[in-house]
Amino acid sequence: MSDNGRRYAPKDATPRSQNSREFKLNLSEDQLNHTDELEDLQGYAGSRAPQRVEESSAGARSARAERNQKKEAKEHKKRNRVKARKNKRIFAFTWLAMVILVSLTLASYLIGGSNDFLGVDRTDSEVEVTIPENVTQEQLTDILYKSHAIDKPEFFSLFCKFTTEMEYFEPGTYTIKTNYDYKQLVNTLQSGPDLGEEITVMFREGITVQQLAALLEENGLHTADEILEACNSSDYDSYSDVAAITNTSDRYYKLEGYLFPDTYQFFENDTVESILDRFLNNFENKLTDEMRDDIAKSGYTTDQIITLASIIQAEAANTDDMYMISAILRNRLENGAEHDIHTLDCDSTVYYPYKTANDAPEGFVSSYSTYDNNGLPAGPICNPGLDAIMAAIYPSTSDDCRNAYYFCHDSNGKAYYASTMDDHLMNMAEAGLL
């Protein structure tokens with residue numbers, strides 16, 4: 001074999017793979033001397049390679065995470081938009097439902113108020129309502145609502161506030177239809193109550209409260225008990241003479257003496273208050289300012305003068321006799337003690353508030369008796385007329401009664417006056433009283 005053929009023969013007998021290639025690093029001696037540096041270089045290259053891989057992997061993960069976050073945020077916004085559209089539809093539906101409900105409720109309320117204003121849908125019946133004096137808007141609304149004359153008090157109150165003058169309402173009892181509209185109601189209550197037929201009643205001088213109450217009942221003007229109860233109430237203290245009474249608890253009837261006897265025209269539906277007001281107003285008008293001034297000068301109060309007048313009214317036979325008896329009673333009150341006379345001894349006071357012994361309960365003893373009590377009784381024993389009141393204010397000054405302390409009458413009404421008890425006994429015998 002030639003040399004050229006051996007040159008390509010392997011030096012090592014170890015078999016090699018056909019695909020294996022031989023790698024030779026040709027280094028100079030100087031380069032071999034720098035082996036440590038080469039090792040350091042190889043070490044540096046080996047340590048940096050994994051770090052670059054790790055950094056590259058972390059960057060990829062961060063990028064993916066950022067893309068996922070953006071995608072999730074986008075999906076979240078999309079879901080929010082869908083939810084917002086859905087909530088918006090729900091809110092719109094709810095709002096619409098509320099508007100419709102409120103509108104229907106308001107419409108129903110306004111329709112109800114309008115119907116009440118016009119009297120629509122109320123039953124066709126009649127009710128009685130009593131309107132007091134100086135009624136207020138609140139009182140009137142409450143009265144009409146409780147009597148079922150109206151169904152919507154707030155609407156009626158509003159109507160009155162803007163259309164009605166409250167001072168024009170007339171006190172009294174009214175019969176009204178429940179289907180009246182508001183204007184009809186107001187017009188009816190301001191025109192005055194239906195008083196019915198006119199009734200004329202004459203009350204004689206000297207009538208007592210009990211007799212007066214019975215006479216009113218006979219004429220269909222309330223019951224006697226209603227009248228008597230009112231005569232002991234404080235409802236009439238607006239009258240100065242009644243308000244001046246200080247011993248109400250000692251009296252049988254507070255208004256006795258102040259219900260001026262006269263002829264009156266009443267209506268069958270008059271209230272007790274309006275009936276008694278007419279008597280009291282008449283009394284106040286009968287006592288003139290001059291009479292009141294003279295009463296004040298007399299040293300007696302108005303109540304004492306009326307009490308004295310009531311006894312004069314009950315005891316006297318006629319008008320002239322009234323002035324004589326007035327003088328005698330004053331003599332007893334003012335000078336009686338000097339003549340050992342301490343009581344008035346008037347028969348008319350013994351059974352008050354009853355007229356006679358037959359009217360009084362068995363065993364009744366009146367606290368007004370002038371046989372048992374000194375001075376004037378606690379109050380008047382009847383309702384005196386003007387003549388008796390004038391006689392009480394202006395007693396006779398004639399010589400016949402200047403020193404008289406006793407009087408009596410025969411069956412014909414003839415009067416006898418005396419200064420002493422002996423003369424009085426003689427007069428009684430002549431009058432047929434002994």
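The chain is built from 16 helices and six strands. The model is a predicted one. Of the 434 residues in the chain, 34% are buried. The exposed area of the chain is about 27400 Å², and carbon and sulfur atoms supply 50% of that area. Among the contacts with a separation of 6 or more, 65% are between residues that lie 24 or more positions apart.

Charge on the surface is considered next, beginning with the positive side chains. A patch of positive charge is found on the surface where Lys74, Lys77, Lys78, Arg81 and Arg85 gather. Of these residues, Arg85 may be taken as an example. Arg85 belongs to helix 3, which covers residues 35-118. Its relative accessibility is 45%, and Arg85 therefore counts as partly exposed, since that class lies between the limits of 20% and 50%.

A surface patch of the negative kind is formed by Glu217, Glu218, Asp225, Glu226 and Glu229. Two elements give two or more residues to this negative patch, namely helix 7 (209-218) and helix 8 (224-231). Helix 8 provides the largest share, with three residues. Glu226 is located in helix 8. With a relative accessibility of 37%, Glu226 counts as partly exposed.

The discussion now turns from patches to pairs. Side chains of opposite charge can pair when their charged atoms come close. In this structure the count comes to eight salt bridges, where the criterion is a side-chain nitrogen of Lys or Arg within 4 Å of a carboxyl oxygen of Asp or Glu. Three of these pairs are described below, together with the exposure of each partner.

One salt bridge joins the side chains of Lys177 and Glu126, with an N to O distance of 3.8 Å. Lys177 lies in strand 2 (residues 172-177) and Glu126 in strand 1 (residues 126-131), so this pair ties together parts of the chain that are 51 residues apart in sequence. The partners fall into separate accessibility classes: Lys177 is partly exposed, at a relative accessible area of 31%, while Glu126 counts as exposed, at 54% relative accessibility.

Another salt bridge is formed by Lys254 and Asp237, whose closest N and O atoms are 2.7 Å apart. This pair links distant parts of the chain, 17 residues apart: Lys254 is in the loop between helix 9 (240-243) and strand 4 (263-267), and Asp237 is in the loop between helix 8 and helix 9. Lys254 has a relative accessible area of 6% and is therefore buried, because the buried class comprises values under 20%. Asp237, by contrast, counts as partly exposed at 32% relative accessibility.

A further salt bridge connects Asp241 with Arg292, and here the closest N and O atoms are 2.8 Å apart. Asp241 lies in helix 9 and Arg292 in helix 11 (residues 289-298), so the pair ties together parts that are 51 residues apart in sequence. In this pair the acidic partner, Asp241, is buried, with a relative accessible area of 8%. Its basic partner, Arg292, is partly exposed, with a relative accessible area of 24%.

Conventions
Residues numbered from 1 in each chain as written. Predicted model: local features only at pLDDT ≥ 70, side-chain atom pairs only at ≥ 80, totals over all residues. Heavy atoms only, no water. Patch = residues over 30% accessible without salt bridge, like charges linked within 9 Å, V, L, I, M, F, W, Y side chains within 5 Å. Areas by Shrake-Rupley, 256 points an atom, 1.4 Å probe, with all protein chains shown as cover. Lys, Arg positive; Asp, Glu negative; His and termini not counted. Charge placed at Lys NZ, Arg CZ, Asp CG, Glu CD. Helix = DSSP H or I, 4+ residues; strand = E, 2+ residues; numbered from the N terminus. Buried < 20%, exposed > 50% of the residue type's maximum accessible area, 1.4 Å probe, protein only. Contact = heavy atoms within 4.5 Å.
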